[in-house]
Amino acid sequence: MILATNEVDRRKALDKLLESKPGIKVATEIEDINIVIDGDMIKQILWNLVNNAMDALDDNGVVKIIGKKDPSENIYHLLVQDNGCGMDEDTMARAFDPFFTSKESGTGIGLAMVKQQINAMNGEVELISEVGAGTTCHLKLPTDSEATL
């Protein structure tokens, strides 16, 4: 669990999403760590990423949320993975562009906001995807300094 300036209950943030697709499983492997971040912001980031992952899944898909500290660096790695439809190269190239969406009912602001918010925390965000195999959104959050918000 990430302890933040505002307490984050990662389960509560996901419950509403899970109600919409009851067959989807969410697995978490979160290593506890103390870092100073805006709890509401990380909750919104996770909501956007899990929502995107769930949109890419059929009714029996899996979303994994993994959080771990790399002992060799001052970085906390937070990954949201799905085994959904994945993205092609063109979609990946535009995924963080504001108002770009490949979904019928999407707004195109979720990933753009995620990137902006992670950048504000002096972090990095990377997408790894393969068509037909799924997508991973890899967030790298610094643990040795406070975020600039």
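Let's start with strands S4 and S5. S4 covers residues 62-70, and eight bridges join it to S5. The two strands run antiparallel. They form a hairpin, with four residues between them. For one bridge, take Lys 69: its partner in S5 is Tyr 76. One caution before I go on: this is a predicted model.

Stay with S5. The strand spans residues 75-82. Is S5 enclosed or open to the outside? Six of its eight residues are buried, so S5 is largely enclosed by the rest of the structure. Buried here means under 20% relative accessible area.

Now the other neighbour of S5. That is S7, and the pairing is again over eight bridges, in the antiparallel sense. Ile 75 is one residue to look at: its bridge partner in S7 is Pro 142.

Next, the whole sheet. Strands of a sheet pair through backbone hydrogen bonds, either parallel or antiparallel. In what order do the strands of this open sheet lie? The order is S2-S4-S5-S7-S6, five strands with mixed pairing. The edge strands are S2, residues 25-30, and S6, since each pairs on one side only. On average, neighbouring strands are turned by 10° against each other, direction ignored.

Where does the parallel part come in? S2 and S4 pair in the parallel sense, over six bridges. In that pair, Glu 29 has Ile 66 in S4 as its bridge partner.

Now put helices on the sheet. H2 lies across S4, S5 and S7. Its direction is at about 30° to S5. H4 lies across S6 and S7, and runs at about 145° to S6.

These two helices also pack on each other. The angle between H2 and H4 is about 145°, and their axes are 10 Å apart. The crossing is left-handed. Which residues meet there? From H2, the list includes Met 41, Ile 45 and Leu 49. From H4, it includes Leu 111, Val 114 and Ile 118.

Let's look inside H4, residues 110-120. Its buried residues are Gly 110, Leu 111, Ala 112, Val 114, Gln 117 and Ile 118. What covers them? The cover includes helix H2, strand S6 and strand S7. After H4 comes Asn 122, with a positive phi near 60°.

Pick one residue on the H2 side. Ile 42 lies in helix H2. How exposed or buried is Ile 42? Its relative accessible area is 1%, so Ile 42 counts as buried. Now compare sequence and space. Ile 42 and Ile 118 are 76 residues apart in sequence. In space, they are 8.7 Å apart, C-alpha to C-alpha.

What about that kind of distance in sequence across the chain? Take the contacts with a separation of 6 or more. Residues 24 or more positions apart account for 67% of them.

A quick stop at the rings. How many aromatic pairs does a search of the whole structure find? Zero. One ring does have a charged neighbour, though: Lys 115 lies over the face of Phe 96, at 5.1 Å from the ring centre.

Last, step back to the full chain. It has four helices and seven strands. From the N terminus, the elements run β-α-β-β-α-β-β-α-α-β-β. Of its 149 residues, 42% count as buried.

To recap: S5 sits between S4 and S7 in the sheet order. H2 lies across S4, S5 and S7, and H4 lies across S6 and S7.

Definitions and conventions
Residues are numbered from 1 along each chain as its sequence is written. This is a predicted model: local features need pLDDT of at least 70, side-chain atom pairs count only at pLDDT 80 or more; totals for chains, interfaces and linings use all residues. Side-chain values use heavy atoms; hydrogens and water are left out. Rings of Phe, Tyr and Trp (its six-membered ring) pair if their centres lie within 6.5 Å; planes under 30 degrees apart count as stacked, over 60 as edge-to-face and the rest as tilted. A charge sits over a ring if NZ of Lys or CZ of Arg is within 6 Å of the ring centre and within 35 degrees of the ring normal. Buried means under 20% relative accessible area, exposed over 50%, partly exposed in between (1.4 Å probe, protein chains only). Contact means heavy atoms within 4.5 Å. Two strands pair if DSSP finds at least two bridges between them. Axes are lines fitted to C-alpha atoms, for helices over the stretch in contact, and angles run from 0 to 180 degrees between N-to-C directions. A crossing is left-handed if the near helix is turned anticlockwise from the far one by less than a right angle, and right-handed if clockwise.
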